[in-house]
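Here are my notes on the model, jotted down as numbered points. Have the coordinates open while you read.

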Amino acid sequence: MMKKTERKMLAIFMKDRLPYIITVLLITGVYLVLMLLEWKLNNEIVHGNTILYFVLLVILIMSSWLLYDYLRQRDYYKEMEAAVQYLSSVRDSLSLYTVVTNEQKQVSELLQKLHLAYLNELGKYRRKQEMHNHFVLQWVHHMKTPVSVIDLLVQDAVDRSKHSKDAEYEGKGSFIQSIHEENDRLARGLEMMLYTARLDKFEFDVHISKVALHEIVRQAINANKRLCIQRRIFPKVEGEAWVETDGKWILFIINQLLSNAIKYSKQSDGSRQVKFTFHKEGSTDSITITDCGIGIAPQDVKRIFDPFFTGDNGRTEGESTGMGLYLSKQVCDKLGHSLSVQSELGKGTSMTIDFTLQGIHCLYD
């Protein structure tokens, strides 16, 4: 039995040669008509077996030629079929090695030239993108210095207003605090831009080691301590865990999740506790960050990891960019971890990171 792929290739081959077959049959038909006319006009007897022999001979010659032509081009058709079905990269489209006809050779040369033109355009784009990323990284690093200076100046002004009786500093506490808050927002925005730019070169900026996850959580809490105090949110850490991951990137993720928990808890009327809970099941360690905030609408849960998606909560909370959870999910995927969410509108949200040992080694072994 002929395989389905073989039948498909044969059908394509015969379809392409259908005009030739029709032409041969027409020529044969014309010749037979001429023979019959000659017989009628000149009363010459043409034997029926002669006509049958002629027709069979024409069919045999035509079939032999078609068979030979198909056999010599069959490998080319197989390569074309494989390239169409299993094309995974541009280079796969160049794997046509059994070209036979001049037309096929021209097609192969065209593919080679198109591939070269594509690589040239891609190289230009990559160089432009690398220059853009380099500029972004340089700009962020330059901006971090004045942000740090502003933070020091504001902190100095807060200390002086607390200990000085000078009227110059009296009544300026709320104004200075506002500057401090805006400076914190600027610092967080710069940090997000920095990590976004680094994401494209993630493999050059990752260092896997065994880290104390509970200590990283405490670093994140200390980094957001001012916001927690201001919005009367009480972090609680339950348990300990040591996992294999990149400490810097996982700190970035936990910072993003904690920042969201703080941001969307300030509008809730109930408990304002953010709980960090560690679990272990087999070879998988997990951390769950649970808040008692406003929760996520059911229709938004499936889309919160999409870039720039803000949802109903983001429109209510003007600060949302829709990039924090997207970046967190991307980093988790690149580290071989999984990030999932459970939420109930009006009651709170739980974000869980699963650290599977096999997952990270599959990516970087």
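1. Starting with a single residue: Ile 221 counts as buried, because its relative accessibility is 17% (buried is under 20% relative accessible area, exposed over 50%, partly exposed in between, with a 1.4 Å probe and protein chains only). Ile 221 sits in helix 6 (helices are DSSP runs of H or I with at least four residues, strands are E runs of at least two, and both are numbered from the N terminus). Leaving out residues up to four places away in sequence, Ile 221 touches Pro 235, Val 237, Leu 258 and Phe 276 (contact means heavy atoms within 4.5 Å). The C-alpha atoms of Ile 221 and Lys 236 are 9.5 Å apart, with their positions 15 residues apart along the chain.

2. Before going on, the ground rules. This is a predicted model, where local features need pLDDT of at least 70, side-chain atom pairs count only at pLDDT 80 or more, and totals for chains, interfaces and linings use all residues. Residues are numbered from 1 along each chain as its sequence is written, and side-chain values use heavy atoms, with hydrogens and water left out.

3. The overall picture: the protein chain has twelve helices and seven strands. Of its 365 residues, 35% count as buried. Take the contacts between residues at least 6 apart in sequence, and 71% of them join residues at least 24 apart.

4. Back to helix 6 (residues 213-223), which pairs with helix 8 (residues 247-263): their axes come within 9 Å and cross at roughly 50°. Axes here are lines fitted to C-alpha atoms, for helices over the stretch in contact, and angles run from 0 to 180 degrees between N-to-C directions. That crossing makes helix 6 oblique to helix 8, since angles under 35 degrees count as roughly parallel, over 145 as roughly antiparallel, 65 to 115 as roughly perpendicular and the rest as oblique. The crossing is right-handed (the near helix is turned clockwise from the far one by less than a right angle; anticlockwise would be left-handed).

5. Who makes that contact? On the helix 6 side, Leu 213, Ile 216, Val 217, Gln 219, Ala 220, Ile 221 and Ala 223 meet Gly 247, Ile 250, Leu 251, Ile 254, Asn 255 and Leu 258 of helix 8. By class, the contact of helix 6 with helix 8 has ten nonpolar, three polar and no charged residues (Ala, Val, Leu, Ile, Met, Phe, Trp, Tyr, Cys and Pro are nonpolar, Asp, Glu, Lys and Arg charged, and the others, Gly among them, polar).

6. Helix 8 also packs with helix 11 (residues 324-335), the axes coming within 10 Å and crossing at roughly 150°. The two helices are therefore roughly antiparallel, and their crossing is left-handed. Residues in this contact include Trp 249, Phe 252 and Ile 253 from helix 8, and Leu 327, Val 331 and Leu 335 from helix 11. The classes come out as nine nonpolar, four polar and no charged.

7. Two strand residues to look at. Thr 245, in strand 3 (residues 242-245), is buried, as its relative accessible area is 0%. Its side chain makes a polar contact with the side chain of His 337 at 2.9 Å (a pair of N or O atoms within 3.5 Å; within protein, one must be able to donate a hydrogen and the other to accept it, and residues adjacent in sequence count only if both atoms are side-chain atoms). Ser 338, in strand 6 (residues 338-344), is partly exposed at 33%.
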